[in-house]
Amino acid sequence: MKKILGLFMSFALVLSLVISTASAKTTEDTNTNTNKDKSIQVQIVLFDGFDLMDALAPYEVFAAAGMYSGGAVTVELVSAEGKRSVPSGLNGPALEAQAALDPNRPGIILVPGASGKPAGDSKDAIPNILKQAMRTSLPVMLKQAFNNEEVTVATVCGGTLLPAMEGLLKERHAVTNHLGMAALGALGAIPVEARVVEDSNRFVSGGGVTSGLDVALYLVDRELGPQIANSVEKMFEYEKRGTVWRAEGIAPIDFNTSPKASEEKQTTGTSLSTVKK
């Protein structure tokens, strides 16, 4: 009897271990599938004359974040025309767009700037490269993306001017390359001198070529958390630069235009003249 009882207990123990292991595996598989289902999809837009660093720096960040998070974020290169070879600016190498830009797909759409001569009327001048991009179906797609509440549009450097040229940034806070800040304001946006500007959860812009790293790291931090962002920073040996500007909190005093500041300047000036006497 004792022998039978012992065998029964051993069988029960083995059965409980099997059930526990199977349950853990099921949970793990479920979590994996859930992560895949909820993965953040990033589309990086290429157009003829795009800037390589504007596109590839964010691509590397999002790809690394996907690696560290077990596939919680995926990234691909796209174009308005679909799968094709897209030449970069300054006679740089071409990159292969893997698919057509889908403005209806939830996730992040990142628009890089152009690479070329800062000014002039030549074909390889940045203003003309951007104008050429505006003659494609890209502006219409960007408008659809801005109207999609499940999409965050991010721009890097001169890429901010593309939605601005379509009238999509009116009364929105934004930043671009320092050479294009005046044009950004003329197009109806509110220029902000900051490394990264978040106008809302659905529009983030970066100023300067290398700001693509900062925009992407900020979005990784925002969407996946600081641990993943920190792991990417450590791998790249690069720390995100600058405070992300938002229209929140206490606005700083503008000492150039504030009446109070003018009074303080006058008071200070009087005090100094008194001291000198």
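**Entry 1: getting my bearings**

What percentage of the 277 residues in the protein is buried? I looked that up before anything else, and the answer is 41%. A note to self: this is a predicted model. I then went through the secondary structure and found 9 helices and 12 strands. I also checked how far along the chain the contacts reach. Taking contacts between residues at least 6 apart in sequence, 61% join residues at least 24 apart.

**Entry 2: helix α2**

I picked α2, which runs over residues 52–68 and has 17 residues. From its first C-alpha to its last it reaches 24 Å, close to the 24 Å expected at 1.5 Å a residue.

Next I looked at its two ends. At the N-terminal end I found D51 acting as the cap, with a side-chain oxygen 3.0 Å from the backbone nitrogen of M53. Just past the other end, G70 has a positive phi of about 70°.

Which residues of α2 are buried? I noted D54, A55, A57, P58, V61, F62, A64, A65 and G66. I reminded myself that an α-helix has 3.6 residues a turn, so residues three or four places apart point the same way. Then I asked what the buried residues of α2 pack against. My list has the strands β1 (40–46), β2 (73–79), β6 (107–111) and β7 (151–156), plus the helices α7 (211–224) and α8 (226–236). I decided to follow up the two helices.

**Entry 3: α7, the first partner**

I counted 14 residues in α7, and it reaches 20 Å between its end C-alphas, close to the 20 Å expected at 1.5 Å a residue. This helix is mostly covered, with 10 of its 14 residues buried. Those are S211, G212, L213, D214, V215, A216, L217, Y218, L219 and V220. Just after α7 I came across G225, which takes a positive phi of about 105°.

How do α2 and α7 cross? Their axes come within 8 Å, at an angle of roughly 25°. Since an angle under 35 degrees counts as roughly parallel, α2 is therefore roughly parallel to α7. I put the crossing of α2 and α7 down as right-handed. On the α2 side the contact uses A57, P58, V61, F62 and A65, and on the α7 side G212, L213, A216, L217, L219, V220 and L224.

**Entry 4: α8, the second partner**

With α8 the picture I get is an angle of about 120° to α2, the two axes lying 9 Å apart. That makes α2 and α8 oblique to each other. Their crossing is right-handed. I listed who meets whom: E60, V61, A64, A65, M67 and Y68 come from α2, while I228, S231, V232, M235 and F236 come from α8.

I went back over both lists for V61 and A65. Both residues touch α7, and both meet α8.

**Entry 5: R195, an arginine under cover**

Is R195 buried or exposed? R195 counts as buried, because its relative accessibility is 15% and the cut-off is under 20%. I found R195 in the loop between β9 (190–191) and β10 (196–200).

What does its side chain hold on to? One polar contact goes to the side chain of T210, at 2.8 Å. Another, of 2.7 Å, joins R195 to the side chain of D214. D214 was already in my notes as one of the buried residues of α7. Leaving aside neighbours within four places in sequence, R195 is in contact with V175, S205, G206, G207, T210, S211, D214, Y238, R241 and G242.

**Entry 6: three more loop residues**

I checked G180 next, in the loop between β8 (173–174) and α6 (181–186). G180 is buried, at 9% relative accessible area. Its C-alpha is 7.8 Å from that of L161, and the two residues are 19 apart in sequence.

Then I turned to L90, which has a positive phi of about 55° although it is not a glycine. L90 sits in the loop between β3 (84–87) and β4 (94–97). L90 counts as exposed, at 59% relative accessibility.

Last came E171, not a glycine either, with a positive phi of about 65°. I located E171 in the loop between α5 (161–165) and β8. Its relative accessible area is 63%, so I marked E171 as exposed.

Notes. Residues numbered from 1 in each chain as written. Predicted model: local features only at pLDDT ≥ 70, side-chain atom pairs only at ≥ 80, totals over all residues. Heavy atoms only, no water. Helix = DSSP H or I, 4+ residues; strand = E, 2+ residues; numbered from the N terminus. Expected span 1.5 Å × (residues − 1). Buried < 20%, exposed > 50% of the residue type's maximum accessible area, 1.4 Å probe, protein only. Contact = heavy atoms within 4.5 Å. Polar contact = N/O pair within 3.5 Å; in protein donor to acceptor, adjacent residues only side chain to side chain. Axes fitted to C-alpha atoms, helices over the stretch in contact; angles between N-to-C directions. Parallel < 35°, antiparallel > 145°, perpendicular 65-115°, else oblique. Left-handed = near helix turned anticlockwise from the far one by under 90°.
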